[in-house]
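Reader: I have a model open and some terms to check against it. Please give the reasoning behind each label.

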Amino acid sequence: MRFRRRLGELLEMPVEVTSELPKITLSGFDEVIIENFIGILEYEEFFIRIKTYIGNVIINGFNMKLTQLNSEDIKVTGIISNMSFEKEEM
């Protein structure tokens with residue numbers, strides 16, 4: 001992990017590319033993209049809990065949908081009312 005981080009610094013690459021840190025992009029109140037995630041822990045129309053390498057991301061809202069899901073990122077759309085984080089202790 002240390003080697004990857006150092007190589008990324010030398011090549012001036014973004015941290016999320018060279019590490020397992022999640023990158024969370026919120027677009028307005030209706031779309032969020034999470035890169036570097038592990039999996040979906042819970043999924044309801046009003047609540048989504050996503051596991052990342054450093055903890056969980058909780059998204060609350062209405063009409064929540066997974067509109068994109070692949071091995072690299074996940075896209076959630078709907079009316080997002082709030083987001084919170086559960087950090088894992090290492």
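Reader: What share of the contacts in the chain with a separation of 6 or more comes from residues 24 or more positions apart?

Author: The share is 40%. This is a predicted model, and a contact here means heavy atoms within 4.5 Å.

Reader: Which helices and strands does the chain have, and in what pattern?

Author: There are two helices and six strands. Along the sequence they follow the pattern α-α-β-β-β-β-β-β.

Reader: What makes strand 4 and strand 5 a pair?

Author: Two strands pair if at least two bridges are found between them. Strand 4 (residues 47-52) and strand 5 (residues 55-69) have six bridges, in the antiparallel sense, so they count as paired. One of the bridges joins lysine 51 to asparagine 56. The two strands form a hairpin with two residues between them.

Reader: How do you know that strand 5 also pairs with strand 6?

Author: By the same cut-off of at least two bridges. Strand 5 and strand 6 (residues 73-87) are antiparallel over 12 bridges; phenylalanine 62 has isoleucine 79 as its bridge partner in strand 6. Three residues lie between these strands in their hairpin.

Reader: And what links strand 3 to strand 4?

Author: A hairpin through three residues. Their antiparallel pairing has five bridges, against the required at least two. Phenylalanine 37 is bridged to threonine 52, and isoleucine 40 to isoleucine 50. Isoleucine 50 also stands opposite valine 57 in strand 5.

Reader: Why are strand 1 and strand 3 called edge strands?

Author: The open sheet of six strands has the order 1-2-6-5-4-3, with antiparallel pairing. Strand 1 (23-27) and strand 3 (37-43) each pair on one side only. From one strand to the next, the twist averages 30 degrees.

Reader: Which side chains of strand 4 are buried, and which are not?

Author: Ile48, Ile50 and Thr52 point to one face and are buried, which here means under 20% relative accessible area. Phe47, Arg49 and Lys51 point to the other face and are not buried. Over the chain, buried residues make up 26% of the 90 residues.

Reader: What makes the contact of lysine 75 with glutamate 31 a salt bridge?

Author: The rule asks for a side-chain nitrogen of Lys or Arg within 4 Å of a carboxyl oxygen of Asp or Glu. For lysine 75 and glutamate 31 the N to O distance is 3.3 Å, so the pair meets the rule. Lysine 75 lies in strand 6 and glutamate 31 in strand 2 (residues 31-35), so this salt bridge ties together parts that are 44 residues apart in sequence.

Reader: Why is lysine 75 called partly exposed?

Author: Its relative accessible area is 22%. Partly exposed covers what is neither under 20% nor over 50%, so lysine 75 falls in that class.

Reader: Which residues do salt bridges that share partners join into one network?

Author: Glu42, Arg49 and Glu86. Arginine 49 is 3.0 Å from glutamate 42 at the closest N and O atoms, and its side chain meets that of glutamate 86 at 3.2 Å, N to O. Both distances are within 4 Å, so both pairs are salt bridges. Glutamate 86 is in strand 6 and arginine 49 in strand 4, 37 residues apart.

Reader: How many salt bridges does the rule give?

Author: The count is four.

Notes. Residues numbered from 1 in each chain as written. Predicted model: local features only at pLDDT ≥ 70, side-chain atom pairs only at ≥ 80, totals over all residues. Heavy atoms only, no water. Helix = DSSP H or I, 4+ residues; strand = E, 2+ residues; numbered from the N terminus. Axes fitted to C-alpha atoms, helices over the stretch in contact; angles between N-to-C directions. Buried < 20%, exposed > 50% of the residue type's maximum accessible area, 1.4 Å probe, protein only.
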